[in-house]
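Subject: Structure for you to look at

Hello,

Here is the structure I said I would pass on. Please open it first, then read my notes below.

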Amino acid sequence: MDQNISYHAIQTLPESTQSACIAIGIYKSRKLTAAAEQIDKACKGYLRALLKEGDFNADIGETQLLYGLPNVQAKRILLVGCGQAGKISLADYRHIHAAFARKAVHLKTSEAISFLTEIEVSDLEKTARLQHAVLAAEDAIYRFEQYKTDPVGKFKLKKISFAQADGKQLAQHSVAVSQAAAIAKGTALAKTLGNLPANVCTPSYLAKQARALQRDFKSVKTNVLDETAMKKLGMNALLSVGRGSREPARLIVMEYMHGKKTDKPVVLVGKGITFDTGGISIKPSLGMDEMKFDMCGAASVLGVIKACAQMQLKANVIGVIAGAENMPGGNATKPGDIVKSYSGKTIEILNTDAEGRLVLCDALTYIERFKPGAVIDIATLTGACIVALGRLPSGLLGNNQKLIDQLIKAGEQSGDRVWQLPLWPEYRKQLKSNFADLANIGGPEAGTITAASFLSHFTEAYPWAHLDIAGTAWRTGKQKGATGRPVQLLMQYILMQHAQSVKA
Ligand code: BES
Ligand code: MN
Ligand code: ZN
């Protein structure tokens, strides 16, 4: 699991650097990047001559290894295709770095140097390009093989350096690289927690991970509420979800208060359903294994707190996880049961499979005590979100357009995109109950919106945004596995708030 590569920003020349492998970019139509040009000059046109053979198309992410180029110090030159010069999107750019990293870990070398951050992407500064390079590389080489007897992802690579020919702003670039490495570690943590099976990753296991963060970073303060503590407070909506399970529910609080005393904290609330069978409103069995990913919101909260602590960010961020396992059983909540939430509002649970909103609503009331400047909840909340938006953006709704606009911007900058859906008050009608203040489902229409609408009853005390990550938290099919989203979106948002994302 822990394939630890260190990342560096260095100043060096492509032709005169001793290295096991140097990666340089080639555009289509045999157009050379500056580093490739330098190499070609050193070997007196040998590179251009090779390209003329026409075997290398320079398609995005295409790679070709060259050995023993004359007058070049490095043992290997890795050509990486960059597509059409001047037409490279952020996704293309990340693809290029992913291809480089994948190739580099396949070589039996311990270090590699990349000149690929010189590739221009529309309005991305050099520092942002460095950060995307680190994040794309780490994403590409991530493996979850702790349960494989013969892991295939073992590699020797220990160090990747991003090189520039001049020394300009090297110090800032180093900061950018180490920040990105911290975000990458947070993302990897989120992926691993998501990928862990539900017989390992229980609510108590999430609590253990939160305590581990407190142990590893003095700046993190962890507090875990068990069922007795929650009962005392009256968190009956949260508790109702865990009733059918042998695994006790947990409310997990991680405080990272490393910013100005006067700065109100950003509070992140993650849905931590470590397995969602649907409860008595049980789900069909096909694909139910994927409901181990129903704690990916919680995983992203742990990932963000880890990233903040790792980079010692001057910010106040509080992460809260509403953890429970949703199971049928003799003690389980039944359709029609009524519970009184922590807020005092009563809820008729018409469908026990709409459990995410039940654990979240009590957590969202609990966090009022932190007097948040902004609250973002992150939840694999509705299958309807996948129907509406597919798997590219996370769904975004909320009660504060300024916060939403900031998140949209952070999404564009990080490539971890979001799409806003309306949260008009008229939708609240769908949640009427004959017997309680609210029903927990809103009928077959606009499922993502009515879920958020339910939450909006509990978030009136602060600016709030809701991220429905049902379509983005994991991949299904052959590539099944957690994506670590939306850790990078949230980190971009937090960095933007504190204007600490280093500028070029
Ligand atoms: N965890 C699911 C949502 C989900 C389903 C995410 C499939 C990703 C893939 C959630 O708890 C759920 O079951 N939601 C119900 C809500 C319905 C009962 C109103 C759903 O989406 O069907
Ligand atoms: Mn459910
Ligand atoms: Zn669920």
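A word on terms before the metals: donors are N, O and S atoms within 2.8 Å of the metal (3.2 Å for Na, K and Ca), and since water is not among the atoms, sites may look incomplete. This is a predicted model, in which local features need pLDDT of at least 70 and side-chain atom pairs count only at pLDDT 80 or more, while totals for chains, interfaces and linings use all residues. Residues are numbered from 1 along each chain as its sequence is written, chains are lettered from A and ligands numbered from 1 in the order in which they are written, and side-chain values use heavy atoms, with hydrogens and water left out.

The two metal ions

The zinc ion (ligand 3) has Lys271 (NZ), Asp276 (OD), Asp294 (OD) and Glu355 (OE) as its protein donors, at 2.0 to 2.4 Å. Along the chain these donors of the zinc ion are spaced as K-x4-D-x17-D-x60-E. The pair Lys271 and Glu355 links distant parts of the chain, 84 residues apart: Lys271 is in strand β9, and Glu355 is in the loop between β12 and α10. (Helices, H or I with at least four residues, and strands, E with at least two, are DSSP runs numbered from the N terminus.)

The manganese ion (ligand 2) is coordinated at 2.0 to 2.2 Å by Asp276 (OD), Asp353 (O), Asp353 (OD) and Glu355 (OE). Its donors follow the spacing D-x76-D-x1-E.

Which residue bridges the zinc ion and the manganese ion? Asp276 does, and the two ions lie 3.2 Å apart.

What geometry do the sites have? Six donors count as octahedral if opposite donors are over 155 degrees apart and all others between 65 and 115; four count as square planar by the same rule, or as tetrahedral if all angles lie between 85 and 135 degrees, and anything else is irregular. The zinc site, with six donor atoms and angles of 78 to 173°, is octahedral. The manganese site also has six donor atoms, but with angles of 70 to 168° that site is irregular.

Asp276 counts as buried because its relative accessibility is 3%; buried means under 20% relative accessible area, exposed over 50%, and partly exposed in between (1.4 Å probe, protein chains only). Glu355 is buried too, at 1%.

The largest pocket

A pocket is an open set of points on a 1 Å grid over the protein atoms alone, where a 1.4 Å probe fits, with protein on both sides within 12 Å along at least five of seven lines; lining residues have an atom within 4 Å of a point. The largest pocket holds about 1,400 Å³ of space, a volume being the space filled by probe spheres set on the points, which are joined across faces, edges and corners. It is lined by 38 residues, and the closest to its centre are Arg102, Asp139, Lys191, Arg475 and Thr483. Helix α3 (90–106) gives the most to this lining, with six residues.

Two other residues

Ser453 is in helix α13 (residues 447–456) and is buried, at 1% relative accessibility. Leaving out residues up to four places away in sequence, Ser453 touches Leu423, Tyr427, Arg428 and Leu431 (contact means heavy atoms within 4.5 Å).

Gln401 is in helix α12 and is partly exposed, with a relative accessible area of 40%. The C-alpha atoms of Gln401 and His97 are 34 Å apart, with their positions 304 residues apart along the chain.

Regards
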